[in-house]
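Here are my notes after a pass through the model. Have it open in your viewer while you read, and see whether you would pick out the same spots.

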Amino acid sequence: MNQPGWNPVADLQQMWALPFMVNAYRAGTVLALLAGLVGFLMVTRRQAFAGHTLSAVGFPGAAGATWLGVPAALGYFGFCVAAALTIAAAPSSARLRFSEENALVGTVQAFALACGYLFVVLYHGVLGGTTALLFGSFLGVTAGQVTTLAVLAVVLLAVLAAIGRPLLFASLDPQAARASGVPVRALDVVFLVLLAATAAEVVQITGALMVFTLLVLPPAAARELTCRPAAGLALSVVLALLVTWVALGVAYYSPYPIGFWLSSIAFGTYLLARATRAVRDRVPA
Amino acid sequence: MTVAVPDQAPGRALAEAVDIRDAQVRLGGRQVWSHVSLRVQPGEFVAVLGPNGVGKSTLLQVVLGLLKVSAGEVSVLGRPPGETNERIGFLPQRRTFDSSVRVRGLDVVRLGLDGHRWGLPLPGTGSRRAAAKVAELVELVGASAYAGRPIGQLSGGEQQRLLIAQALARDPQLLLLDEPLDSLDLPNQGAVAGLVSRLCRERGVAVVMVAHDVNPILPYLDLVTYLAPAGTATGTPAEVIPTETLSRLYGIPMEVLSTSDGRLVVVGQPDAPAHHSNRHEQP
């Protein structure tokens, strides 16, 4: 464990002199940017449960890839996108969609977790990385991984920028959007795949159980603070970045794992946002 | 069949806003209705009445081109349905935002203006013009006082005004409203009906309003169309509303009374569920 000094600049210099910390910060920045934006739309669409499932699917993805001896990234993306397409295949009778989707999503999640456990057992129990699969490996990120993450993030964000506005319309008001010529059904599918790819990307660093810290908490906090969509997106990214940066710094100087700090700080931010809104709602503008 | 006349200059006699002739719709093998005809001229305010489940919303889906007729002719603003949707404002049925929707009324109106466009809105003159247009629409429906608040926290009547503003965002020549007065209290019903009528008169917008209670809109209507499974009866309120016609169409006793100021009031239960069909399963 490292002891912080009394000079924050020197502390930061000391921390960033270590390549693994620099990589952790780079990877964290890419993930926070991506998760802040995609997560905001996910929360707006009330698809947090689907997002949770798509993240959990990362576990069997990675375990299966390890068992078969193929690159873990292949397992993550393969499983996550397959799960997204399964969920997207749910009948989309506009009114019933979300309740039916929830039941299907739950089924997919249970099955995926069972598969993950099976793969671990098939690998004969010495899958040393199980903890990393579930709780992440922020400090083991390589420079090559950071580049891959960044390239993928650019692609995903480009897609999001192209479909963002009709997607928001379809999310808030599907019937009116459909009448305006927005392909609501196609956007449903594209967004689920986008969410799956984001989850697969974030899972590789934060682990299957910690994805949510970045995917849900910063957007949820942003939504408490503003009801302008553009400001909400921006705020969601800013909060995700702040949470990630602070958590990495605190974890470096503490004996406790990064995942704990990431979720605690994110949760604290969310509580602060709620409290701010409660105070603001009470005081008439 | 009418020849589709492309509308050139405003002020010229335009093609009918809606022209449906002897149309039939089948959904999942079941015939919803047949022998339906409806003609709406520019600037006319037409109500489509009929019992629940008879396919009134289906009729609007046909006009929007979201559903094909299995027989008959349909033309909308002089073109086949679906080709002119950017000139149509549509207010879907029973749409409310619950209190968890944290988006401002202004943003919901804005979606009606450019929510269908791909790509990101660029800041600049276009964006300022859009903001000015949204403010003008909000002013028009009298929602300026609360349009900046999250829409989920507004009352049903306030939400409905903002949704009408959204439907008007692209200066439509045809406005399709699906039970816009539903779930509003009486003063709001009157106010929204008056607002729609004003748009119709002042802007020359053709309005097709699906309703199951005719009374709040009766003073403003040019034409009434009753939709029944076997066809439509269309006419001015005075022609169609006689007691026997109504009773025959709804299959229950109806009475038409005249108030002291000469207004007609329909009594009976036009909104009683005649038969519950699968209206909620329409695609």
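1. Chain A first. Its secondary structure comes to 14 helices and zero strands. Read from the N terminus, then, the element string is simply α after α. Keep in mind throughout that this is a predicted model.

2. How does the overall size of chain A sit with its length? A compact globule of 285 residues would have a radius of gyration near 19 Å, and chain A has 19 Å, so the two agree. The C-alpha trace of chain A spans about 60 × 60 × 30 Å along its principal axes. Of the 285 residues in chain A, 51% are buried. As for the wiring, take the contacts in chain A between residues at least 6 apart in sequence: 76% of them join residues at least 24 apart.

3. On to the interface. Chain A puts 27 residues into the contact and chain B puts in 33. About 2,800 Å² is buried between chain A and chain B, with carbon and sulfur atoms giving 53% of that. Three residues stand out on the chain A side: Arg165(A), Leu172(A) and Cys227(A) supply 25% of the area that chain A buries against chain B, more than any other three residues.

4. Polar terms across the interface: the rule finds twelve residue pairs in polar contact between chain A and chain B, both residues at pLDDT 80 or more. Which elements of chain A each supply at least two residues to the side that touches chain B? They are α8 (143-172), α9 (174-179) and α12 (217-225). The biggest giver is α8(A), with eight residues. By type, the side of chain A that touches chain B divides into 14 nonpolar, four polar and nine charged residues.

5. There are two salt bridges between chain A and chain B. One is worth a click: the side chains of Arg46(A) and Asp98(B) meet at 3.1 Å, N to O. Arg46(A) lies in the loop between α2 (19-44) and α3 (48-56) of chain A. Its relative accessible area is 47%, so Arg46(A) is partly exposed, short of the over 50% needed for exposed. Check the backbone of Arg46(A) too, where phi is near 55°, a positive value in a residue other than glycine. Most residues other than glycine have a negative phi.

6. Chain B has a similar item for your backbone check. Asp22(B) is not a glycine, yet has a positive phi of about 45°. Asp22(B) is found in strand β1 of chain B. With 42% relative accessibility, Asp22(B) counts as partly exposed.

7. Is Thr226(A) buried or exposed? Buried: Thr226(A) has 15% relative accessibility, and the cut-off is under 20%. Thr226(A) is found in the loop between α12 and α13 (229-252) of chain A. A polar atom of the Thr226(A) side chain lies 3.1 Å from the backbone nitrogen of Arg228(A). Leaving aside neighbours within four places in sequence, Thr226(A) is in contact with Ala231(A), Gly232(A), Leu235(A) and, on the other chain, Arg102(B).

8. Last one, Ala17(B). This residue is in the segment before β1 (18-27) of chain B. Ala17(B) is buried, with a relative accessible area of 1%. Not counting residues up to four places away in sequence, Ala17(B) touches several residues, among them Val40(B), Pro42(B), Leu77(B), Leu174(B) and Ala206(B). For a distance to test your numbering, the C-alpha atoms of Ala17(B) and Arg95(B) are separated by 25 Å, with the two positions 78 residues apart along the chain.

Definitions and conventions: Residues are numbered from 1 along each chain as its sequence is written. Chains are lettered from A and ligands numbered from 1 in the order in which they are written. This is a predicted model: local features need pLDDT of at least 70, side-chain atom pairs count only at pLDDT 80 or more; totals for chains, interfaces and linings use all residues. Side-chain values use heavy atoms; hydrogens and water are left out. Contact means heavy atoms within 4.5 Å. Buried area is the accessible area (1.4 Å probe) that two parts lose on being put together, summed over both. A salt bridge is a side-chain nitrogen of Lys or Arg within 4 Å of a carboxyl oxygen of Asp or Glu. A polar contact is a pair of N or O atoms within 3.5 Å; within protein, one must be able to donate a hydrogen and the other to accept it, and residues adjacent in sequence count only if both atoms are side-chain atoms. Helices (H or I, at least four residues) and strands (E, at least two) are DSSP runs, numbered from the N terminus. Ala, Val, Leu, Ile, Met, Phe, Trp, Tyr, Cys and Pro count as nonpolar, Asp, Glu, Lys and Arg as charged, and the others, Gly among them, as polar. Buried means under 20% relative accessible area, exposed over 50%, partly exposed in between (1.4 Å probe, protein chains only). The radius of gyration is taken over C-alpha atoms; the globule rule is 2.2 Å times the number of residues to the power 0.38.
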